[in-house]
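Got a minute for a quick look at one charged side chain and the helices around it? Pull up the model and follow along.

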Amino acid sequence: MSKPTSPSQDAGFAGALPIITFSTFVVSLNSAALTQLGIIADPATGKREKNLLLAKQTIDVLSMLEEKTRGNLTPDEASMLKSILYDLRIIYVRENA
């Protein structure tokens, strides 16, 4: 009988996965959008590739989160989300020109 493993071990990770908070979730979406905008390399391929349609969708998801969580976030969370959205929108417009 094999010994049970944690989900992180099953996925081939050496350590434990970070605890998911609102902030880490937003940061992960930001990283995805930056990858889709071609600003950072895709960790899976090591290549920078643009997919502006997916980037727009990810930015729209973040915008929806901002709208739906308004009044329920800490000041730091709200500020972080606002700042990330501003930066991503500026980059998107520049990359889409």
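Here's a short rundown, starting with a single glutamate and moving out to the helix packing. Keep in mind that this is a predicted model. The residue to watch is E66, which sits in helix α3, residues 52-69.

**E66 up close**
- E66 is buried, yet it has no salt bridge.
- The nearest side chain of opposite charge belongs to R70, 4.3 Å away. A salt bridge here needs a side-chain nitrogen of Lys or Arg within 4 Å of a carboxyl oxygen, so that pair doesn't make the cut.
- Skipping neighbours within four places in sequence, E66 is in contact with L81, K82 and L85.

**α3 against α4**
- Helix α4 covers residues 75-96, and α3 packs on it at an angle of about 155°, with the axes 10 Å apart.
- That angle makes α3 roughly antiparallel to α4.
- The crossing of these two is left-handed.
- On the α3 side, E66 is one of the contact residues, along with others including I59, L62 and L65. The α4 side includes L81, K82, L85, L88 and Y92.

**α3 against α2**
- Helix α2 (residues 22-36) also packs with α3 at about 155°, and here the axes are 8 Å apart.
- α2 and α3 are therefore roughly antiparallel to each other.
- Their crossing is left-handed.
- From α2 come F22, F25, V26, L29, N30, A33 and Q36, which meet L52, L54, A55, T58, V61, L62, L65 and T69 in α3.

Notes: Residues numbered from 1 in each chain as written. Predicted model: local features only at pLDDT ≥ 70, side-chain atom pairs only at ≥ 80, totals over all residues. Heavy atoms only, no water. Helix = DSSP H or I, 4+ residues; strand = E, 2+ residues; numbered from the N terminus. Buried < 20%, exposed > 50% of the residue type's maximum accessible area, 1.4 Å probe, protein only. Lys, Arg positive; Asp, Glu negative; His and termini not counted. Contact = heavy atoms within 4.5 Å. Axes fitted to C-alpha atoms, helices over the stretch in contact; angles between N-to-C directions. Parallel < 35°, antiparallel > 145°, perpendicular 65-115°, else oblique. Left-handed = near helix turned anticlockwise from the far one by under 90°.
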